[in-house]
Structure formats: structure tokens, C-alpha cells
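Okay, thanks everyone for coming. I'll walk you through one structure today, so have it up on your screen and turn it around as I talk.

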Amino acid sequence: MLKKRCISLFVENEVGVLAYISGLLSGKSYNMDSLTVGPTLDPTISRMTIMLTSDDRTFEQIKKQLNRSVPVIKVVDFTRGDIFMKELMYVKVMGCTDKEMKRVAKMAQDHDTSIVESVSDSVLLECVKTEAANDKLLSALQREFAGRVEIVRGGTVAIEALDVKTPES
């Protein structure tokens with residue numbers, strides 16, 4: 001059965017590591033839903049968060065493959081642990097009437113989303129929510145403003161909860 005999975009990798013902060021990891025996964029025909037990477041407080045280490053959809057067997061293969069990779073320091077499986085996870089999404093809604101602008105503002109308020117910029121007929125929303133919450137807002141906006149919505153999504157970032165040990169692979 002296919003399930004949404006989340007892995008955190010601590011990797012060497014070197015040129016080519018991102019390309020190596022994404023190439024490793026795509027070379028095995030594993031599709032990533034999102035991949036984010038950034039430096040840690042240690043300038044020699046970066047942290048990657050990879051979201052993917054797979055069955056149990058394939059997921060175990062992915063973790064084993066990553067654990068064998070030279071630039072990978074540590075693989076943490078967030079799938080079953082208590083974690084905090086968010087995705088950044090920006091949404092433009094364009095070509096709105098005054099009434100529609102009010103409707104977008106109401107939808108943003110209902111979804112606890114920020115309006116970061118607006119002009120006479122367009123608005124830009126910033127959404128820092130779970131992927132599911134962002135999907136819900138996006139679906140509502142697309143239903144109401146079809147053809148006038150533009151989005152950009154950053155990948156998911158995740159971190160373990162403070163009091164719970166996340167199983168490592």
C-alpha cells in the first residue's frame with residue numbers, strides 16, 4: 001500500500017551532494033514529492049527533508065540505499081514519529097473585482113493565511129501550513145477563481161518533537 005513518507009538526512013555540506021542524492025533516488029525510479037535542503041548550525045553539515053510516496057518494501061530499500069551513501073551522515077525516518085512539519089506556499093489570485101478581493105481576504109482569514117501584498121485587482125497570499133492544509137486552501141481558491149490562480153510551493157520541512165525519540169533507520 002502506498003503511503004506518504006518523510007525522511008530527514010544529515011549530509012556533508014559539499015558541492016554536488018544535492019545532485020547526488022536526487023540522482024540516486026531518481027536513478028532507482030523513486031519519485032520525490034518534495035526535497036528541501038539547508039545548512040545546519042555546523043557549516044560542514046546540511047539537513048535535507050525528503051517527502052515521497054511509496055510502499056513499505058520500497059521505502060526500506062530507499063533508506064538502505066541512503067544509509068550506504070558516502071555523503072550521508074545520518075538518515076532519520078519521520079514516518080512514524082511525532083514531528084512538526086510545514087510547507088511554504090505562495091498563491092497569487094489575479095483579475096479580481098472588488099467583491100472577489102473581499103472574498104479572497106475572507107478565505108485567507110478562514111484558512112489563517114497571510115495576505116502579503118495586494119493591488120487593485122490581485123492579491124498574494126503566504127501560506128505556512130501542512131501540505132494538506134495548503135491543498136485545502138488551494139482547492140477552494142481554484143474552485144472559485146479558476147484560471148486566475150498561480151502558485152509556488154516550497155518543499156516540506158520537518159523536525160522531531162522535543163520529548164519523543166524518532167525511530168532511526
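**A walk through the fold**

Before anything else: this is a predicted model, so please keep that in mind throughout.

Let's start with the overall picture. The protein has 4 helices and 8 strands. If you go along from the N terminus, the elements run β-α-β-β-α-β-β-α-β-β-α-β. The C-alpha trace spans about 55 × 40 × 35 Å along its principal axes. Out of 169 residues, 37% are buried. As for the surface, the protein exposes about 9,900 Å², and 53% of that comes from carbon and sulfur atoms. And here's one on the contacts: if you take those with a separation of 6 or more, 74% are between residues 24 or more positions apart.

Now the N-terminal part. Find strand 1, residues 3-12. That strand is mostly covered, with 7 of its 10 residues buried. Which strands does strand 1 pair with? One is strand 3, residues 45-54, which runs antiparallel to strand 1 and is joined to it by 10 bridges. If you want a landmark there, look at Leu9, whose bridge partner in strand 3 is Met48. Another is strand 4, residues 72-77, again antiparallel, over 5 bridges. The landmark for that pairing is Val11, with Val72 as its bridge partner in strand 4.

Next, helix 1, which is residues 17-27. Its buried residues are Val17, Ile21, Leu24 and Leu25. Look down the axis of helix 1 and those buried residues sit within an arc of 90°, so they line one face. The spacing makes sense if you recall the textbook rule: an α-helix has 3.6 residues a turn, so residues three or four places apart point the same way. On the other side of helix 1 you'll find Ala19 and Gly27 exposed. What sits over the buried residues of helix 1? The cover includes strand 1, strand 2 (32-39), strand 3, helix 2 (56-67) and strand 4. And as you leave helix 1, you run into Ser29, which has a positive phi, near 65°.

Okay, let's move on to the other sheet I want to show you. Here 4 strands form an open sheet, in the order 6-7-5-8, with antiparallel pairing. Strand 6 and strand 8 (149-160) are the edges, each pairing on one side only. From one strand to the next, the twist averages 15°. Strand 5 and strand 8 pair in the antiparallel sense, with 10 bridges between them. To find that pairing on your screen, go to Tyr90 and look for its bridge partner in strand 8, Val152.

Two helices to look at on this sheet. Helix 3 packs on the sheet and touches strand 5, strand 6 and strand 7, with its direction making about 10° with that of strand 7. Helix 4 packs on the sheet too, touching strand 5, strand 7 and strand 8, and its direction makes about 170° with that of strand 8.

Let's zoom in on helix 3, residues 98-110. Its 13 residues reach 19 Å from the first C-alpha to the last, close to the 18 Å expected at 1.5 Å a residue. Buried in helix 3 are Met101, Val104, Met107 and Ala108. Down the axis of helix 3, these fall within an arc of 120°, so they line one face of the helix. The face turned away carries exposed Asp98, Lys99, Lys102 and Gln109. Covering the buried residues of helix 3 are, among others, strand 5 (83-93), strand 6 (114-118), strand 7 (123-129) and helix 4 (131-144). Just after helix 3 comes Asp112, with a positive phi of about 50°.

Last stop: Leu137, in helix 4. Buried or exposed? Leu137 has a relative accessible area of 1%, so it counts as buried. What does Leu137 touch, leaving aside its neighbours within four places in sequence? The contacts are Met107, His111, Thr113 and Cys127. We just met Met107 as one of the buried residues of helix 3. As for Thr113, it is 24 residues from Leu137 in sequence, yet the two C-alphas are 9.0 Å apart in space.

That's my tour, so over to you for questions.

Notes
Residues are numbered from 1 along each chain as its sequence is written. This is a predicted model: local features need pLDDT of at least 70, side-chain atom pairs count only at pLDDT 80 or more; totals for chains, interfaces and linings use all residues. Side-chain values use heavy atoms; hydrogens and water are left out. The expected span of a helix is 1.5 Å times one less than its number of residues. Buried means under 20% relative accessible area, exposed over 50%, partly exposed in between (1.4 Å probe, protein chains only). The arc is that of the directions from the helix axis to the C-beta atoms. Contact means heavy atoms within 4.5 Å. Two strands pair if DSSP finds at least two bridges between them. Axes are lines fitted to C-alpha atoms, for helices over the stretch in contact, and angles run from 0 to 180 degrees between N-to-C directions. Accessible areas come from the Shrake-Rupley method with a 1.4 Å probe; for residues, only the protein chains shown count as cover.
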